[in-house]
Amino acid sequence: MRLIFAGTPEFAVPALRALLRAGHAVVLALTQPDRPSGRGLRLQPCPVKRTAAEHGIALCQPRSLRLDGRHPADAQAAHAAILAARADAMVVAAYGLILPQWVLDALERPAAAGAAGLGCLNIHASLLPRWRGAAPIHRAIEAGDAQTGVCIMQMDAGLDTGAVLLRAVEPIQHDGAQADSTGSLQERLATLGAELIVQALAQAASGRPLPAQPQRTDGVCYAQKVEKAQACIDWNDDAAQLERRIRAFDPQPGAWTMLAGEVLKVWRAQVVPDSPAPRSPPGSVLAVDPAGITVACGQGRLRLLQLQRAGGRRLPVAEFLRGQTIVPGVRFGPARADD
């Protein structure tokens with residue numbers, strides 16, 4: 001099939017590679033514009049752009065797709081490129097821009113070979129209607145969901161409201177050393193999504209397209225985009241909730257707290273089981289040893305296992321303490337992001 005691929009981050013790369021391996025002709029890739037990154041804040045191409053360049057795929061990087069928006073020239077250029085591609089379908093994976101109605105309409109027109117176009121198919125990293133929106137993986141871990149998955153969805157004008165062609169379940173590990181972060185879960189879901197989109201297109205090419213199942217109207221949750229301020233650790237919260245949030249915000253934006261005026265990122269922690277309600281204020285260090293730093297929370301206690309100072313690297317607590325003195329009684333803060 002002739003395909004347009006719309007995606008930006010690493011999550012989308014396995015799907016793009018899988019489509020190429022399956023023999024599909026990806027004739028155009030849409031990605032977001034290059035962003036400044038690193039200490040020098042130089043413009044860096046996104047993972048999908050790099051992959052497209054490796055395979056000689058034509059590229060379009062509009063700042064917006066709205067023809068009546070702030071960047072109409074970008075949208076007009078994208079409009080021309082999409083129509084010229086004469087694609088059978090567009091595959092979307094974590095693109096990051098909303099597709100206006102004209103894009104949906106363009107992909108539903110008759111394709112070059114005369115067959116009806118398949119429209120826009122989205123690889124969505126949740127079991128819809130659970131976690132519609134920008135950050136479904138983060139929010140599933142943060143909420144303590146036992147499972148998540150991937151849906152191949154026919155896109156419509158709503159926010160992740162389209163009918164579902166395929167779905168597959170993936171368990172979320174919350175216990176022990178193998179507890180999932182967003183990074184580890186994202187890798188598995190990206191691989192799963194790549195397998196499902198190839199399957200969906202193969203079914204369509206065989207003349208036996210998968211039935212589209214409308215989403216349920218109950219159980220809808222909105223996966224709000226994660227902002228850096230939301231990653232500030234509020235020690236007034238429950239220890240179990242904080243532990244999940246720390247994993248949910250790994251690798252981006254990274255859960256953080258303050259110590260002696262310095263930002264400190266917390267990458268791994270564990271709830272201290274059967275701990276009594278602490279008498280010390282939330283954020284107070286209760287115990288320090290090479291196994292972890294125990295901190296009082298609003299309810300329960302949290303043992304910090306992996307930390308990072310600004311400009312440093314992630315370190316297990318035992319190694320971190322060789323270069324940083326922390327003693328019982330000191331207090332992490334602020335208690336809230338707006339303190």
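In this predicted model, helix H5 has a run of buried residues made up of Pro 136, Ile 137, His 138, Arg 139, Ala 140, Ile 141 and Glu 142. Because 7 of the 8 residues of this helix, which spans residues 136-143, are buried, H5 is largely enclosed by the rest of the structure. Several elements contribute to the cover over these buried residues, including strands S7 (119-124), S8 (132-133) and S11 (222-223), together with helices H6 (182-205) and H7 (239-248). Just after H5 comes Gly 144, which has a positive phi, near 80°.

Glu 142 is a good place to look at this helix in more detail. This residue lies in H5 and has a relative accessible area of 16%, below the 20% cut-off, so Glu 142 counts as buried. Apart from neighbours within four places in sequence, its contacts are Arg 244, Arg 245, Ala 248 and Phe 249.

Turning to the nonpolar interior, the largest nonpolar core comprises 49 residues, and those with the most contacts inside it are Phe 5, Leu 19, Ile 123, Ile 152, Leu 189 and Ile 197. Helix H6 provides the largest share of this core, with 9 residues. A separate second core contains 25 residues, among them Cys 60, Ala 78, Val 103 and Cys 120. Within the largest core, Ile 123 is one of the residues with the most contacts. When neighbours within four places in sequence are set aside, Ile 123 touches Phe 11, Ala 15, Val 91, Val 92 and Ala 93, and also Val 150, Cys 151, Ile 152, Gly 193 and Ile 197. Two of these partners, Ile 152 and Ile 197, are themselves listed among the residues with the most contacts inside the core.

Open and enclosed spaces come next. The second largest pocket holds about 210 Å³ of space. Its lining consists of Lys 228, Pro 251, Gln 252, Pro 253, Val 263, Lys 265, Trp 267, Gln 308, Arg 309, Ala 310 and Gly 311. Strands S13 (262-271) and S16 (301-309) each supply at least two of these lining residues, and S13 gives the most, with 3. By class, the lining of this pocket has 5 nonpolar, 3 polar and 3 charged residues.

The structure also holds 1 cavity of 30 Å³ or more. About 40 Å³ of space lies in the largest cavity, which is lined by Leu 259, Glu 262, Val 263, Leu 264, Arg 309, Phe 320 and Gln 324. Here too S13 figures in the lining, contributing the largest share with 3 residues. The lining of the cavity divides into 4 nonpolar, 1 polar and 2 charged residues. Val 263 and Arg 309 appear in the linings of both the second largest pocket and the largest cavity.

As for confidence, the protein has an average pLDDT of 93, and 95% of its residues score at least 70. Residues 111-116 have a pLDDT below 50, and this stretch makes 9 contacts in the model beyond near neighbours in sequence. Residues 335-339 likewise stay under 50 in pLDDT, with 10 contacts in the model beyond four places in sequence. Where pLDDT is low, predicted coordinates should not be read in detail.

Notes. Residues numbered from 1 in each chain as written. Predicted model: local features only at pLDDT ≥ 70, side-chain atom pairs only at ≥ 80, totals over all residues. Heavy atoms only, no water. Buried < 20%, exposed > 50% of the residue type's maximum accessible area, 1.4 Å probe, protein only. Helix = DSSP H or I, 4+ residues; strand = E, 2+ residues; numbered from the N terminus. Contact = heavy atoms within 4.5 Å. 1 Å grid on protein atoms, 1.4 Å probe; cavity = no way out; pocket = protein on both sides within 12 Å on 5 of 7 lines; lining within 4 Å. Points joined across faces, edges and corners; volume = space filled by probe spheres on them. Nonpolar A, V, L, I, M, F, W, Y, C, P; charged D, E, K, R; others polar. pLDDT = per-residue confidence, 0-100. Core = buried A, V, L, I, M, F, W, Y, C linked by side-chain atoms within 4.5 Å.
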